[in-house]
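Trainee: I am new to this one. Could you walk me through the reasoning behind the labels?
Mentor: Gladly. Let us look at it together.

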Amino acid sequence: MYESLNAVREQLKLANTMIKKVDDKARRASLMDEYEQATVPMTRAINAGHKFVYAELDEHLKVAQVRVEKLMSRIANRSN
């Protein structure tokens with residue numbers, strides 16, 4: 001579970017780095033909005049882990065994973 005948490009955290013860092021390199025301001029803003037939406041469940045997952053509430057951690061982590069995967073796909077597909 002914590003390995004997955006670290007993997008999503010690393011994906012978010014990579015996404016942030018890649019977003020900063022986007023030249024189109026509107027696209028960069030859109031990607032940053034999506035990035036911020038992905039960080040919300042990640043923060044909740046981390047907080048649940050600190051409280052040892054593993055069901056919540058798992059639930060929020062799954063949401064974060066889906067959002068990060070979608071974000072990475074959008075970053076890779078430059079036409080979006």
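**Reasoning through the labels**

Mentor: Let us begin with the largest pocket, whose lining has three nonpolar, no polar and five charged residues. Keep in mind that this is a predicted model.

Trainee: Which residues line the largest pocket?

Mentor: The lining is made up of Met18, Lys21, Val22, Asp23, Asp24, Arg27, Ile75 and Arg78. The space in this pocket comes to about 160 Å³.

Trainee: What makes Lys13 and Glu10 a salt bridge?

Mentor: The rule asks for a side-chain nitrogen of Lys or Arg within 4 Å of a carboxyl oxygen of Asp or Glu. For Lys13 and Glu10 the N to O value is 3.6 Å, and the pair therefore qualifies. Both residues lie in helix H1 (residues 2-20), three residues apart, about one turn of the helix.

Trainee: Why is Lys13 called partly exposed?

Mentor: Partly exposed covers the range between the buried cut-off, under 20%, and the exposed one, over 50%. Lys13 has a relative accessible area of 48%, so the label partly exposed fits. Glu10, at 47%, is partly exposed because its value also falls in between.

Trainee: How do you know that Glu34 and Arg74 form a salt bridge?

Mentor: Their closest N and O atoms are 2.6 Å apart, which is within 4 Å, so the pair counts. Glu34 lies in helix H2 (residues 25-50) and Arg74 in helix H3, so this pair ties together parts that are 40 residues apart in sequence.

Trainee: Are Glu34 and Arg74 buried or exposed?

Mentor: Glu34 has a relative accessible area of 15%, under 20%, and therefore counts as buried. Arg74, at 16%, is buried because its value is also under 20%.

Trainee: What makes Asp58 and Lys62 a salt bridge?

Mentor: The closest N and O atoms of Asp58 and Lys62 are 3.3 Å apart, within 4 Å, so the rule is met. The two are four residues apart in helix H3, separated by about one helical turn. Asp58 is partly exposed at 30%, and Lys62 is partly exposed at 47%.

Trainee: How many salt bridges does the count come to?

Mentor: By this rule the count comes to three.

Trainee: And why does His60 count as buried?

Mentor: Its relative accessibility is 17%, under the 20% cut-off, so His60 is buried. His60 is found in helix H3 (residues 54-76). Leaving aside residues up to four places away in sequence, His60 touches Pro41, Arg44 and Ala45.

How values were computed: Residues are numbered from 1 along each chain as its sequence is written. This is a predicted model: local features need pLDDT of at least 70, side-chain atom pairs count only at pLDDT 80 or more; totals for chains, interfaces and linings use all residues. Side-chain values use heavy atoms; hydrogens and water are left out. Buried means under 20% relative accessible area, exposed over 50%, partly exposed in between (1.4 Å probe, protein chains only). Contact means heavy atoms within 4.5 Å. On a 1 Å grid over the protein atoms alone, a cavity is a set of points where a 1.4 Å probe fits but cannot get out, and a pocket is an open set with protein on both sides within 12 Å along at least five of seven lines; lining residues have an atom within 4 Å of a point. Grid points are joined across faces, edges and corners, and a volume is the space filled by probe spheres set on the points. Ala, Val, Leu, Ile, Met, Phe, Trp, Tyr, Cys and Pro count as nonpolar, Asp, Glu, Lys and Arg as charged, and the others, Gly among them, as polar.
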